[in-house]
Amino acid sequence: MTTTATEDPQGRPGQDPQGRPAREPAFTPGASGASGAALAVLPGVLASALAWTDAHRTRFALPEDVLEPHTQVNATLKPLGELAQLGSTIRRTTAPGTPEHEVAGDLVAYAWEQVHEGALLLELLRAEPFAAYPYEIYAAFAGYGLRHEGFEALARPLTATRAWAHTEQHANRQLGLVNSERRVGVVTHTDAGGVLSRTWLGGLSEPWMFEGSSGYALTHTVFHLTDWGRMPDRVPKKIDGYLRTWLPAWADGCLESGQWDLTGELLAVAASLPGPAPVELLDAVWPVLADVQHPTGCVPETGVPAEDPSPDPYPFIDCYHSTLVTAFAAALSLRSLRQTDERAGRPTGEQTGETTPGRERHTP
């Protein structure tokens, strides 16, 4: 990730790639934001992002022709699957009885209604038995405790085929399929450890080779490995140390280049690590992302934050994912910081209903 100097050779303030005055790095080794800076902004960031998502839930609705061959999966089923996945994680990570917990649960219920309680996913699986995406979307619901008997009856023989085990895909995507199989409760088609070793992250790639595509591959490797932050103890020690060392530099590069969506994913990764939260990183980066968040709660994927006060300053397609990711990362960060305070014997805020990391759990 390239960086931009804060001054030109004559000592005048420089500009970042979007034409804004260049800023100082958000994170400097050995320094941090003010103590508690993340906790000061996170509750508001989470509540605001969820409120925007709830207000725009109908934009996630599936079209009537969703089963037709011409329908664009990335513009229909993908957003809905992300709503189910990230909403279910937020629900499990927030305290029962809180507004955020209730809103997240309502969003998952809405997504389940959109797929006709699994019946639509069964139709997709019948039409495309060679495709993994219906199974992966279903697994997001199954991991939450929402199941469809007919879907699983058809999926069992399909996932036992040679074709399923030998589908050619990138290693981080294969790791996602392994995690989906775990959620559904079937024998995985391959060993997760072997797949992890073939990923960009598992190979402990040279950190200066980090860029957009490797960044998203890295974040999703962690999400699939930890079941979207539920099981931090699945992160091997060497990968934990590698991430703690290099996440600050990568996050700072993303902030400098206005990559807000990837910044959110990196924050979610930081909050999915085993052991104490990386407090300095969270305190340094979260206030910056909070400033990017629009008053309505949405967060743009990239670029200069809008100053437009209207309810919809960005097209839905350009902000729904980054807004969901911001809410997801905020919920995980609050959990991680509060657990760190608990271990240190400091008073904490509200507790979540999440179980001890590493234990399987289904929440209806």
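In this predicted model, the sulfur of Cys-319 has its closest cysteine sulfur in Cys-298, at 4.7 Å, which is too far for a bond. The relation is reciprocal: for Cys-298, the closest cysteine sulfur belongs to Cys-319. A disulfide would require the two sulfur atoms to lie within 2.5 Å, and the structure holds zero disulfides. Both cysteines are buried, as the table shows.

| Residue | Relative accessible area | Closest cysteine sulfur |
|---|---|---|
| Cys-298 | 1% | Cys-319, 4.7 Å |
| Cys-319 | 0% | Cys-298, 4.7 Å |

Helix 14 comprises residues 320-343. Its 24 residues should span 34 Å at 1.5 Å a residue, and the end C-alpha atoms are 35 Å apart, so the expected and modelled lengths agree. The helix is mostly covered, with 21 of its 24 residues buried. After helix 14 comes Gly-345, which has a positive phi near 80°.

The burial of helix 14 can be set beside the nonpolar core. In soluble globular proteins, nonpolar side chains tend to be buried together. The largest nonpolar core here contains 101 residues, and those with the most contacts inside it are Phe-141, Leu-243, Leu-247, Leu-266 and Trp-286. Helix 14 contributes eleven residues to this core, the most of any element.

One of these highly connected residues, Leu-247, can be described further. When its neighbours within four places in sequence are left aside, Leu-247 is in contact with Leu-266, Val-269, Ala-270, Leu-273 and Leu-281. Among these partners, Leu-266 is also listed with the residues that have the most contacts inside the core.

Conventions:
Residues are numbered from 1 along each chain as its sequence is written. This is a predicted model: local features need pLDDT of at least 70, side-chain atom pairs count only at pLDDT 80 or more; totals for chains, interfaces and linings use all residues. Side-chain values use heavy atoms; hydrogens and water are left out. Helices (H or I, at least four residues) and strands (E, at least two) are DSSP runs, numbered from the N terminus. The expected span of a helix is 1.5 Å times one less than its number of residues. Buried means under 20% relative accessible area, exposed over 50%, partly exposed in between (1.4 Å probe, protein chains only). A nonpolar core is a set of buried Ala, Val, Leu, Ile, Met, Phe, Trp, Tyr and Cys residues joined through side-chain atoms within 4.5 Å. Contact means heavy atoms within 4.5 Å.
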